[in-house]
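I opened this notebook to keep track of what I looked up in one chain, entry by entry. The sequence and the structure come before my notes.

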Amino acid sequence: REQENKNGGKMYIQDKVEEYSDEIFNKLSNGAHIYFCGLKGMMPGIQAMLKGVAESKGLDYDEWLKGLKKSKQWHVEVY
């Protein structure tokens with residue numbers, strides 16, 4: 001069964017992460033890890049969404065991502 005995103009389009013992982021962004025960003029700030037695995041073509045959409053959410057929260061996306069990578073909380077396996 002196909003789900004629709006908030007704009008009525010096809011549901012992708014970035015839509016679900018955005019939907020739960022408050023909870024996800026809170027968990028990440030408390031040490032949680034985030035994993036993305038799949039086709040490399042999905043990452044630009046995910047990163048664009050994360051950047052928008054980070055900026056809406058007053059965070060510098062590049063610094064935020066750099067911090068996750070430094071603390072080894074950011075995991076990506078794409079092919």
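**Entry 1: Glu 55**

I began with a single residue, Glu 55, and found that its relative accessibility is 45%, so it counts as partly exposed, because the partly exposed class runs between under 20% for buried and over 50% for exposed. I should write down at once that I am working with a predicted model. Glu 55 sits in helix α3. I also looked up how far Glu 55 is from Glu 77, and noted that the two are 22 residues apart along the chain, while their C-alpha atoms are separated by 25 Å.

**Entry 2: The chain as a whole**

Next I stepped back and listed the secondary structure, which comes to four helices and two strands. Reading from the N terminus, I wrote the order of the elements as α-α-β-α-α-β.

I then asked myself how the radius of gyration of the chain stands against that of a compact globule. With 79 residues, such a globule would have a radius of gyration near 12 Å, and the chain has 13 Å, which agrees. Along the principal axes, the C-alpha atoms fill a box of roughly 35 × 30 × 20 Å.

For the contacts with a separation of 6 or more, I noted that 65% of them are between residues 24 or more positions apart. The buried residues make up 29% of the 79 residues. The chain exposes about 5,700 Å², and carbon and sulfur atoms supply 49% of that area. Among the side chains I found 12 positive and 12 negative ones, and the centres of these two sets lie 5 Å apart.

**Entry 3: The nonpolar core**

Which residues have the most contacts inside the largest nonpolar core? This core has 16 residues, and the ones I was looking for are Phe 25, Phe 36, Leu 50, Tyr 61, Trp 64 and Trp 74. At least two residues of the core are supplied by each of α2 (21-29), β1 (34-38), α3 (43-56) and α4 (61-70). The largest share, six residues, comes from α3. As a general remark, I copied down that nonpolar side chains tend to be buried together in soluble globular proteins.

I followed Phe 25 further and, setting aside residues up to four places away in sequence, found that it touches Leu 50, Val 53, Ala 54, Lys 57, Leu 59 and Trp 64.

**Entry 4: Leu 28 and Ile 34**

I took these two residues together, since Leu 28 and Ile 34 are in contact with each other. Leu 28 belongs to helix α2, and with a relative accessibility of 5% it counts as buried. Apart from neighbours within four places in sequence, its contacts are His 33, Ile 34, Trp 64, Leu 68 and Gln 73. From Leu 28 to Ala 48, which are 20 residues apart along the chain, the C-alpha atoms are separated by 18 Å.

Ile 34 is placed in strand β1, and at 11% relative accessibility Ile 34 also counts as buried. With the close sequence neighbours within four places left out, Ile 34 is in contact with Ile 24, Leu 28, Gln 73, Trp 74 and His 75. The C-alpha atoms of Ile 34 and Lys 57 are separated by 18 Å, and these residues are 23 apart along the chain.

**Entry 5: Gln 14**

Is Gln 14 buried or exposed? I found that Gln 14 is buried, with a relative accessible area of 18%, and the cut-off I needed here is that buried means under 20%. Gln 14 lies in helix α1, which covers residues 13-19. Beyond its neighbours within four places in sequence, Gln 14 is in contact with Gly 45, Ile 46 and Met 49.

**Entry 6: Lys 72**

Last, I looked up Lys 72, which is found in the loop between α4 and β2 (74-78). Lys 72 has a positive phi of about 60°, although it is not a glycine. Its relative accessible area is 61%, so Lys 72 is exposed.

How values were computed:
Residues numbered from 1 in each chain as written. Predicted model: local features only at pLDDT ≥ 70, side-chain atom pairs only at ≥ 80, totals over all residues. Heavy atoms only, no water. Rg over C-alpha atoms; globule rule 2.2 N^0.38 Å. Buried < 20%, exposed > 50% of the residue type's maximum accessible area, 1.4 Å probe, protein only. Contact = heavy atoms within 4.5 Å. Areas by Shrake-Rupley, 256 points an atom, 1.4 Å probe, with all protein chains shown as cover. Lys, Arg positive; Asp, Glu negative; His and termini not counted. Charge placed at Lys NZ, Arg CZ, Asp CG, Glu CD. Core = buried A, V, L, I, M, F, W, Y, C linked by side-chain atoms within 4.5 Å.
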